[in-house]
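Colleague: I am new to this model and would like a close look at one part of it. Please take me through that part slowly, and then show how the surrounding chain is put together.

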Amino acid sequence: MVATKTITMTIIPVKGKIERRAISEPPSLEELQEVVGGYIEVVNVRTKGQTVYTEMVINEDGQMRGLEINHRAMDLVESVSGHMPIVVGTVALFSEPVVQ
């Protein structure tokens with residue numbers, strides 16, 4: 001019997017309840033688009049104060065569409081590339097890299 005690895009996908013809206021989902025396989029493109037409300041952009045991040053690198057999926061066109069800044073998500077992570085985009089709208093943050 002092969003053990004299935006569980007990854008946490010945390011859905012962080014601008015306002016409202018933060019939802020944590022235990023997943024055993026990466027979500028589909030369509031599922032991610034539904035979560036963020038449009039085309040996706042994957043940002044390599046790490047949780048502040050940690051050395052573990054992961055991914056956050058954001059709405060690629062969110063700024064152009066005038067979505068509200070997601071301060072809750074921005075307060076949780078920092079960029080690993082030195083450039084952190086302004087995060088707007090609902091995001092999906094993973095406990096480890098999963099998006100391919």
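Modeller: Pro-26 is a convenient place to start, in the loop that runs from strand 2 (19–23) to helix 1 (29–36). Helices (H or I, at least four residues) and strands (E, at least two) are DSSP runs, numbered from the N terminus. This is a predicted model, in which local features need pLDDT of at least 70 and side-chain atom pairs count only at pLDDT 80 or more, while totals for chains, interfaces and linings use all residues. Residues are numbered from 1 along each chain as its sequence is written, and side-chain values use heavy atoms, with hydrogens and water left out.

Pro-26 counts as partly exposed because its relative accessibility is 41%; buried means under 20% relative accessible area, exposed over 50%, and partly exposed in between (1.4 Å probe, protein chains only). Pro-97 lies 71 residues from Pro-26 in sequence, yet the two C-alpha atoms are 9.3 Å apart in space.

Pro-26 also belongs to the lining of the largest pocket, together with Met-9, Arg-21, Ile-23, Glu-25, Pro-27, Glu-31, Glu-34 and Val-35. Two or more of the lining residues come from each of strand 2 and helix 1. Helix 1 gives the largest share, three residues. The space in this pocket is about 160 Å³, a volume being the space filled by probe spheres set on grid points joined across faces, edges and corners. A pocket here is an open set of points on a 1 Å grid over the protein atoms alone where a 1.4 Å probe fits, with protein on both sides within 12 Å along at least five of seven lines; lining residues have an atom within 4 Å of a point. By class, the lining has five nonpolar residues, four charged and no polar ones. Ala, Val, Leu, Ile, Met, Phe, Trp, Tyr, Cys and Pro count as nonpolar, Asp, Glu, Lys and Arg as charged, and the others, Gly among them, as polar.

Ile-23, one of the lining residues, lies in strand 2. Ile-23 counts as buried because its relative accessibility is 15%. Thr-8 is 15 residues away from Ile-23 along the chain, and their C-alpha atoms are separated by 6.1 Å. Strand 1 (residues 7–12) runs antiparallel to strand 2, and five bridges join them; two strands pair if DSSP finds at least two bridges between them. Within this pairing, Arg-20 in strand 2 stands opposite Thr-10. The hairpin of strand 1 and strand 2 has six residues between the strands, and Gly-16 there takes a positive phi near 100°.

Further along the chain is a second hairpin, formed by strand 3 and strand 4 with five residues between them. Gly-49, in its turn, has a positive phi of about 85°. Strand 3 (residues 40–47) and strand 4 (residues 53–59) are antiparallel and joined by seven bridges. Val-45 has Thr-54 as its bridge partner in strand 4, and Asn-44 stands opposite Glu-55 in that strand.

Strand 4 is mostly covered, with six of its seven residues buried. Thr-54 counts as buried because its relative accessibility is 4%. The side chain of Thr-54 reaches the backbone oxygen of Phe-94 at 2.5 Å. Strand 4 is also joined by two bridges to strand 6 (residues 91–94), in the antiparallel sense. There, Ala-92 in strand 6 is the bridge partner of Val-57.

Strand 3 also pairs with strand 5 (residues 77–79), in the antiparallel sense and over three bridges. The partner of Thr-47 in strand 5 is Val-77. Pro-85 follows in the loop between strand 5 and strand 6, and Pro-85 counts as buried because its relative accessible area is 14%. Val-43 is 42 residues from Pro-85 in sequence, with 8.3 Å between their C-alpha atoms.

Last comes confidence. The protein chain averages a pLDDT of 89, and 95% of the residues score at least 70; pLDDT is the predictor's confidence in each residue, from 0 to 100. Confidence is highest in helix 1, at a mean of 96, and lowest in strand 5, at 81. Where pLDDT is low, the predicted coordinates should not be read in detail.

Technical notes. Polar contact = N/O pair within 3.5 Å; in protein donor to acceptor, adjacent residues only side chain to side chain.
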